[in-house]
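Before trusting a label such as "buried" or "salt bridge", a newcomer may want to see the reasoning behind it. The questions below take such labels one by one.

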Amino acid sequence: SMLSLDTNLQVTVLADQIPGGYNWSSNRPEVLRIWRRGTLISYLRLLHECFKRSGCSKILIELEWGLLGRNPLILGMFPPFLCVLKLLGKKVYVVAHGISLDFLPLAPQLGLSSGSLVAALFDVGIRLFYLFLVVFSEKVIVLEKYFAVLINKNFNTQKAVFIPHGVDTSL
């Protein structure tokens with residue numbers, strides 16, 4: 001592991017607060033449960049921890065749609081959060097677990113008509129979300145090659161990289 005290769009590497013995991021969850025620290029890494037799913041204050045708590053750790057230059061964020069909650073406002077604050085991290089001089093690497101640049105096929109799953117104004121606004125919003133994700137990140141790490149191609153092609157970048165996640169399809 002990276003921790004065994006570099007004995008000076010410090011790793012802190014800023015985890016969500018879950019019932020029965022607790023902070024813990026071994027020799028490395030340290031786990032701090034400081035944010036709560038579905039709350040705007042979580043961004044401030046995360047920024048505070050990042051600011052306190054001035055020696056921390058690289059940040060890896062695991063991004064899943066349900067990670068921050070289901071409120072579109074809270075999800076919409078993620079790109080400004082990335083922007084602030086970038087302004088603080090942090091290099092942010094985002095692992096995007098699920099990607100959809102087209103909201104319209106997803107609209108019925110959320111009880112919306114694909115032809116509705118709300119669905120059209122979400123469709124624009126999702127594209128802007130990913131655009132800003134690319135702009136404010138050093139790299140966007142994806143677990144399927146298709147997603148890397150999709151992001152790089154749609155946003156004229158080479159920031160999206162594919163890292164397989166241990167699935168051997170030759171079995």
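Q: Why is the pairing of R37 and D16 called a salt bridge?
A: In this predicted model, the side chains of R37 and D16 meet with 3.0 Å from N to O. A salt bridge requires a side-chain nitrogen of Lys or Arg within 4 Å of a carboxyl oxygen of Asp or Glu, so the pair qualifies. R37 lies in the loop between β3 and α2 while D16 belongs to strand β1, so the salt bridge ties together parts that are 21 residues apart in sequence.

Q: How do you know whether D16 is buried or exposed?
A: The relative accessible area of D16 is 13%, and because buried means under 20%, D16 counts as buried. Its partner R37, at 44% relative accessibility, is partly exposed, because that value falls between 20% and 50%.

Q: What makes D16, R33 and R37 one network?
A: D16 also meets R33 in a salt bridge, at 3.8 Å from N to O; this pair links distant parts of the chain, with D16 in strand β1 (residues 12–16) and R33 in strand β3 (residues 30–35), 17 residues apart. R33 is partly exposed, with a relative accessible area of 22%. A further salt bridge joins the side chains of E49 and R53, at 3.0 Å from N to O. It is the sharing of partners between salt bridges that joins D16, R33 and R37 into one network.

Q: Why is E49 called buried, and what is R53 called?
A: E49 has 8% relative accessibility, which is under the 20% limit, and therefore it counts as buried. R53, with a relative accessible area of 25%, is partly exposed.

Q: How many salt bridges are there in the whole structure?
A: A search of the whole structure finds four salt bridges.

Q: What makes the buried residues of helix α4 line one face?
A: The buried residues of α4 (residues 78–87) are F78, P79, F81, L82 and L85. Seen down the helix axis, they fall within an arc of 155°, so they line one face of α4. These buried residues pack against α2 (41–52), β4 (58–63), α3 (72–76), β5 (91–96) and α5. After α4 comes G89, whose phi is positive, near 85°.

Q: Why is T157 called buried?
A: T157 has a relative accessible area of 13%, and because this is under 20%, the residue counts as buried. T157 is found in the loop between α6 (145–154) and β7 (160–162). Leaving aside neighbours within four places in sequence, T157 is in contact with V134, I151 and N152. A polar atom of the T157 side chain also lies 3.1 Å from the backbone nitrogen of K159.

Q: What makes V124 eligible for a surface patch?
A: Patch residues need over 30% relative accessible area, and V124 has 49%, so V124 passes that cut-off while being called partly exposed. V124, which is found in helix α5 (residues 117–136), forms a nonpolar patch on the surface with L128, L131, F132 and V135, and together they have about 380 Å² of accessible area.

Q: How do you know what to call G66, in the loop between β4 and α3?
A: At 40% relative accessibility, G66 lies between the limits of 20% and 50%, and therefore counts as partly exposed. The C-alpha atoms of G66 and G38 are separated by 9.0 Å, although the two residues are 28 apart along the chain.

Note on methods:
Residues are numbered from 1 along each chain as its sequence is written. This is a predicted model: local features need pLDDT of at least 70, side-chain atom pairs count only at pLDDT 80 or more; totals for chains, interfaces and linings use all residues. Side-chain values use heavy atoms; hydrogens and water are left out. Patches are made of residues with over 30% relative accessible area and no salt bridge: like charges are joined within 9 Å, nonpolar side chains (Val, Leu, Ile, Met, Phe, Trp, Tyr) within 5 Å. Accessible areas come from the Shrake-Rupley method with a 1.4 Å probe; for residues, only the protein chains shown count as cover. Helices (H or I, at least four residues) and strands (E, at least two) are DSSP runs, numbered from the N terminus. Buried means under 20% relative accessible area, exposed over 50%, partly exposed in between (1.4 Å probe, protein chains only). The arc is that of the directions from the helix axis to the C-beta atoms. Contact means heavy atoms within 4.5 Å. A polar contact is a pair of N or O atoms within 3.5 Å; within protein, one must be able to donate a hydrogen and the other to accept it, and residues adjacent in sequence count only if both atoms are side-chain atoms.
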